[in-house]
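Here's a quick walk through one protein model, with the charged pairs taken up early. Have the structure open as you read.

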Amino acid sequence: MKPNDIYQMHADICKSLSNSKRLQIIEILGQGKTSSSQLISRLKINKVTLSQNMKILLNQGIARSEKRGKSVQYQLADSRIIKACRLMREVLIS
């Protein structure tokens, strides 16, 4: 991997995190596996909006999905993601 590659990957992740709904999704997923119906209910969004946002998080490797019958369960791909997001919020608050 070239040094510039990591900067491009970092920029791509930051683009994925530049949406308040996706940040809320990450916060919820930081609490553990969550179904699509739970996310829809907690975020008060429709299925299409959730699907669009989850596609971005899944494609960037931020989240993982697992199909269970008719339901889809989501979780963070790496627990350090929530730590990074919370650290940024702490910086903003202070």
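Which side chain meets Glu-27 in a salt bridge at 2.4 Å, N to O? That would be Arg-89. A salt bridge here is a side-chain nitrogen of Lys or Arg within 4 Å of a carboxyl oxygen of Asp or Glu. The Arg-89 and Glu-27 pair links distant parts of the chain, 62 residues apart, with Arg-89 in helix α5 and Glu-27 in helix α2.

Before going on, a word on the ground rules: this is a predicted model, where local features need pLDDT of at least 70 and side-chain atom pairs count only at pLDDT 80 or more, while totals for chains, interfaces and linings use all residues. Residues are numbered from 1 along each chain as its sequence is written, and side-chain values use heavy atoms, with hydrogens and water left out.

**Salt bridges**

Glu-27 also forms a salt bridge with Arg-86, where the closest N and O atoms are 2.9 Å apart. This pair too links distant parts of the chain: Glu-27 sits in helix α2 (residues 20-29) and Arg-86 in helix α5 (residues 80-93), 59 residues apart. Put together, Glu-27, Arg-86 and Arg-89 are linked in a network of salt bridges. In general, side chains of opposite charge can pair when their charged atoms come close.

A search of the whole structure turns up 6 salt bridges. Another one of them joins Lys-15 and Asp-12, at 3.9 Å from N to O. Lys-15 and Asp-12 are 3 residues apart in helix α1, so about one helical turn separates them.

How open are these side chains? The table uses three classes: buried is under 20% relative accessible area, exposed is over 50%, and partly exposed is in between (1.4 Å probe, protein chains only).

| Residue | Relative accessible area | Class |
|---|---|---|
| Lys-15 | 54% | exposed |
| Asp-12 | 25% | partly exposed |
| Glu-27 | 23% | partly exposed |
| Arg-86 | 34% | partly exposed |
| Arg-89 | 32% | partly exposed |

**The chain as a whole**

The secondary structure comes to 5 helices and 3 strands, in the order α-α-β-α-α-β-β-α from the N terminus. Helices (H or I, at least four residues) and strands (E, at least two) are DSSP runs, numbered from the N terminus. Along the principal axes, the C-alpha atoms fill a box of roughly 45 × 35 × 20 Å. Of the 94 residues, 27% count as buried.

Contact means heavy atoms within 4.5 Å. Among contacts between residues at least 6 apart in sequence, 53% join residues at least 24 apart.

**A buried glutamine**

Gln-73 lies in strand β3 (residues 71-76). With a relative accessible area of 15%, Gln-73 is buried. Leaving aside neighbours within four places in sequence, Gln-73 is in contact with Lys-33, Thr-34, Ser-35, Arg-64, Ser-65, Glu-66 and Arg-68.

**A nonpolar patch**

Over on the surface, Met-1, Ile-6, Tyr-7 and Met-9 make a nonpolar patch of about 500 Å². Patches are made of residues with over 30% relative accessible area and no salt bridge; like charges are joined within 9 Å, and nonpolar side chains (Val, Leu, Ile, Met, Phe, Trp, Tyr) within 5 Å. The area itself comes from the Shrake-Rupley method with a 1.4 Å probe, and for residues only the protein chains shown count as cover. Met-9 belongs to helix α1 (residues 3-16), and its 42% relative accessibility makes Met-9 partly exposed.
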